[in-house]
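Subject: Structure for your review

Dear colleague,

Please find below the structure that I am handing over to you. I would be grateful if you would look through it before reading my notes.

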Amino acid sequence: MIATPFRAILAVALLSGATASTAQLGGGLGGLLGGAMPNIASVGAGNAAGVLSYCVKNKLVNATSASSILGKLTGKPGVTESSGFKLGQQGTIKTDNSALSLTALKSKAKTKACDLVLNHAGSLL
């Protein structure tokens, strides 16, 4: 387990452009951010769809895969009207307990977050 002050320093370093492999940091996006990643499994359909639209627009995921899932999610009642969808379109991953703005992240972390949301979104269909 990484000590909390180190997590903060690590997150600042990564946001400012420092690099490190995911293996060195414990793997996954949570490792890249020192554990600051929201629990993707608790992201709702609206926010997942919004984030996917942000990711496609910014070319952070495979557009073919994401567009198929995005189309199915946005076809569900209430998804595009939800506040989570609107936040997601702005690049914010939102759960009940936390939020993470992708706009502040470096490219590698954005791409990883988008991949995680894409994988989770498939489970919401």
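The notes that follow begin with the whole protein and then turn to particular helices and residues.

**The protein as a whole**

Please keep in mind that this is a predicted model. The protein contains six helices and two strands. Their order along the sequence is α-α-α-α-α-β-β-α. Of the 125 residues in the protein, 38% are buried. The accessible surface comes to about 6500 Å², and carbon and sulfur atoms account for 57% of that surface. Among the contacts with a separation of 6 or more, 68% join residues that are 24 or more positions apart.

The largest nonpolar core has 26 residues, and the members that touch the most other members are Leu52, Cys55, Ile93, Leu102 and Val117. Helix H3 (45-57), helix H4 (63-74) and H6 each give two or more residues to this core. Leu102 offers a useful view of these surroundings. Leaving out residues up to four places away in sequence, Leu102 touches Val51, Tyr54, Cys55, Gly91, Ile93, Lys110, Ala113 and Cys114.

**Helix H3**

H3 is made of 13 residues and spans 18 Å from its first C-alpha to its last, close to the 18 Å expected at 1.5 Å a residue. This helix is mostly covered, with 10 of its 13 residues buried. Among the buried residues are Gly46, Gly50, Val51, Leu52, Tyr54 and Cys55. The cover over the buried residues of H3 includes H4, helix H5 (83-89), S1 and H6.

Val51 is a good residue to examine within helix H3. Is Val51 buried or exposed? Its relative accessibility is 0%, so Val51 counts as buried. Beyond its neighbours within four places in sequence, Val51 is in contact with Gly88, Gln89, Thr92, Ile93, Leu102 and Val117. The C-alpha atoms of Val51 and Leu118 are 8.8 Å apart, although 67 residues separate the two along the chain.

**Two loop residues**

Lys59 comes just after H3, in the loop between H3 and H4. Its phi is near 55 degrees, which is a positive value in a residue other than glycine. For context, most residues other than glycine have a negative phi. Lys59 has a relative accessibility of 73% and therefore counts as exposed.

Thr95 lies in another loop, between strand S1 (92-94) and strand S2 (99-101). Why does Thr95 count as buried? The reason is that its relative accessible area is 6%, and buried means under 20%. Its contacts, apart from neighbours within four places in sequence, are Pro38, Asn39, Ser42 and Val43.

**Helix H6**

H6 has 17 residues, and the distance from its first C-alpha to its last is 25 Å, close to the 24 Å expected at 1.5 Å a residue. The buried residues of H6 include Ala109, Lys110, Ala113, Cys114, Val117 and His120. Three residues of this helix deserve individual attention.

The first to consider is Lys110, which is placed in helix H6 (residues 107-123). Lys110 is buried yet has no salt bridge. How far away is the nearest side chain of opposite charge? It belongs to Asp115 and is 14 Å away. Not counting residues up to four places away in sequence, Lys110 touches Tyr54, Leu60, Leu102, Thr103 and Leu105.

Asn119 is also found in helix H6. With a relative accessibility of 58%, Asn119 counts as exposed, because the cut-off for exposed is over 50%. The C-alpha atoms of Asn119 and Ala66 are separated by 9.3 Å, and the two residues are 53 residues apart along the chain.

His120, likewise in helix H6, counts as buried because its relative accessibility is 11%. Setting aside residues up to four places away in sequence, His120 touches Ile40, Ala41 and Val43. The C-alpha atoms of His120 and Ile40 are separated by 6.9 Å, with their positions 80 residues apart along the chain.

As you go through the structure, I suggest that you start from Val51 in H3 and then turn to Lys110 in H6.

With kind regards

Terms used:
Residues are numbered from 1 along each chain as its sequence is written. This is a predicted model: local features need pLDDT of at least 70, side-chain atom pairs count only at pLDDT 80 or more; totals for chains, interfaces and linings use all residues. Side-chain values use heavy atoms; hydrogens and water are left out. Helices (H or I, at least four residues) and strands (E, at least two) are DSSP runs, numbered from the N terminus. Buried means under 20% relative accessible area, exposed over 50%, partly exposed in between (1.4 Å probe, protein chains only). Lys and Arg count as positive and Asp and Glu as negative; His and the chain ends are not counted. A salt bridge is a side-chain nitrogen of Lys or Arg within 4 Å of a carboxyl oxygen of Asp or Glu. Contact means heavy atoms within 4.5 Å. Accessible areas come from the Shrake-Rupley method with a 1.4 Å probe; for residues, only the protein chains shown count as cover. A nonpolar core is a set of buried Ala, Val, Leu, Ile, Met, Phe, Trp, Tyr and Cys residues joined through side-chain atoms within 4.5 Å. The expected span of a helix is 1.5 Å times one less than its number of residues.
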